Amino acid sequence: MEIATPYLLFLGDVPDPLAAKTALGIVDWRPEWCVGQLRFEGCGADAGLPDMTLQEGRAAGAKTLIVGAVNAGGVLPGHWVDTIVAALDAGYDVASGLHSRLGDHPAIRAAAARWGRRLYDVRHATQRFDTGKGTKRSGLRLLTVGTDCSVGKKYTALALERGMRAAGLDADFRATGQTGVFISGRGVAIDAVVADFISGAVEWLSPDAEPSHWDLIEGQGSLYHPSFAGVSLGLLHGAQPDAFVVCHEPTRRTMRGVRHALPTIRQVIDLTRICGSLTNPAIRCVGIAINTQALDEDDALRLLDETTTAHDIPAVDPIRTGVGPIVDRILQEFPAP
């Protein structure tokens, strides 16, 4: 799948930044691919790009309209369809990471056919997967796991890729969500894979590799989240990680979208070790990534220090402080052969 760049990011009228995390993630990691954003009145998110109409986006060189939103169930809102049809009429291809397929909407399908434009549903893989086997694979793997969904698992894996490469390690980010696929150019939206094949899809995504090569696998959901734990567990078994990093947002008290209390970092470490040992008995935690965006500098640094001391594992904010201490821990725990 090769999606034409640059992009115009469509945010519609999403209620908050978390609902626009696809668009915001693309801007953070591929800003050179983004010319502007298209928003409806009342949109609660801002990607920090110029607001543009479809015509202005085309004049700026945009080739693809990216539906940069997420929502429960991954459904395309009905009042967005006219804008997508207008984009196709204006000469755009359209790409979406939602569960619902663009082509399932008759007006969108007809407009794409009328102009010969391309529709990309990155959440729907065309690859067929086997069931997972759990057989030990060569190479090294790290998985990001979370106390909740939307706590920074993708950002942490991408930051680790950058930091590990800077330290001379051979490391590649492996995308398992729609935003990661937009950023990396390849991957599998794992939450759209039929349940029996989730672990097999991750085995396909992270195959045998050189002994010193690291695959940094983007985590999804949380083993403690009642909505998404099934995806998280299948991903954990298929990833067969040698190492994992726990991602956490410290101001939440309940998990996103449900009333269940947020688990502690210690609970996530312990359950990940227990469940992950099925396919890799040597699994270990090498770091904690805390999203301190809601905290001031002093409180954030204090929390990172306290968490490091409490768990005897480096705790960082990948954006505020960088991932250097976790990279150092990886070098210590997994010395080069």
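**Exercise 1. In which sense do strand 6 and strand 8 pair, and over how many bridges?**

Let's work through this one on the predicted model.

Step 1. Start with strand 8, residues 214–217: strand 6 pairs with it in the parallel sense, over four bridges. To place one pair of residues, find Leu143, which stands opposite Ile217 of strand 8.

Step 2. Now turn to strand 9, residues 243–248. Here too the pairing with strand 6 is parallel, and there are five bridges. Val145 has Val246 of strand 9 as its bridge partner.

**Exercise 2. Work out how covered strand 6 is, and which way its residues point.**

Step 1. Strand 6 spans residues 140–146, and seven of its seven residues are buried, with a cut-off of under 20% relative accessible area.

Step 2. Sort the side chains by direction. Leu140, Leu142, Thr144 and Gly146 point one way, while Arg141, Leu143 and Val145 point the other. Residues pointing in either direction are buried.

Step 3. Follow Leu142 outward. Beyond its close sequence neighbours, its contacts include Leu160, Trp214, Phe244 and Ile330.

**Exercise 3. Place Leu142 in the nonpolar packing of the model.**

Step 1. The largest nonpolar core holds 74 residues, and Leu142 is among those with the most contacts inside it, along with Leu9, Leu160, Met164 and Trp214.

Step 2. Ask which helix supplies the most. That is helix 5 (residues 153–166), with six residues.

Step 3. Keep the other core apart: a separate one of 28 residues includes Ile217, Val268, Cys275 and Ile288.

**Exercise 4. Decide whether helix 1 is enclosed or open, and find what packs against it.**

Step 1. Count the buried residues: seven of the nine in helix 1 (residues 21–29) qualify, so the helix is largely enclosed by the rest of the structure. They are Thr22, Ala23, Leu24, Gly25, Ile26, Val27 and Trp29.

Step 2. List the partners. These buried residues pack against strands 1, 2 and 3 as well as helices 5 and 6.

**Exercise 5. Describe the surroundings of Asp46.**

Step 1. Locate Asp46 in the loop between strand 2 (34–39) and helix 2 (54–59).

Step 2. Classify its exposure. Asp46 counts as partly exposed because its relative accessibility is 47%, and that class lies between 20% and 50%.

Step 3. Look at the side chain. The side chain of Asp46 makes a polar contact with the side chain of Gln37 at 2.9 Å, and it reaches the backbone nitrogen of Gly48 at 2.7 Å.

Step 4. Add the contacts farther along the sequence: Asp46 touches Leu11, Leu24, Gln37 and Arg39.

Definitions and conventions
Residues numbered from 1 in each chain as written. Predicted model: local features only at pLDDT ≥ 70, side-chain atom pairs only at ≥ 80, totals over all residues. Heavy atoms only, no water. Core = buried A, V, L, I, M, F, W, Y, C linked by side-chain atoms within 4.5 Å. Buried < 20%, exposed > 50% of the residue type's maximum accessible area, 1.4 Å probe, protein only. Helix = DSSP H or I, 4+ residues; strand = E, 2+ residues; numbered from the N terminus. Contact = heavy atoms within 4.5 Å. Polar contact = N/O pair within 3.5 Å; in protein donor to acceptor, adjacent residues only side chain to side chain. Pairing = 2+ DSSP bridges. Lists of a residue's contacts leave out its neighbours within four places in sequence.
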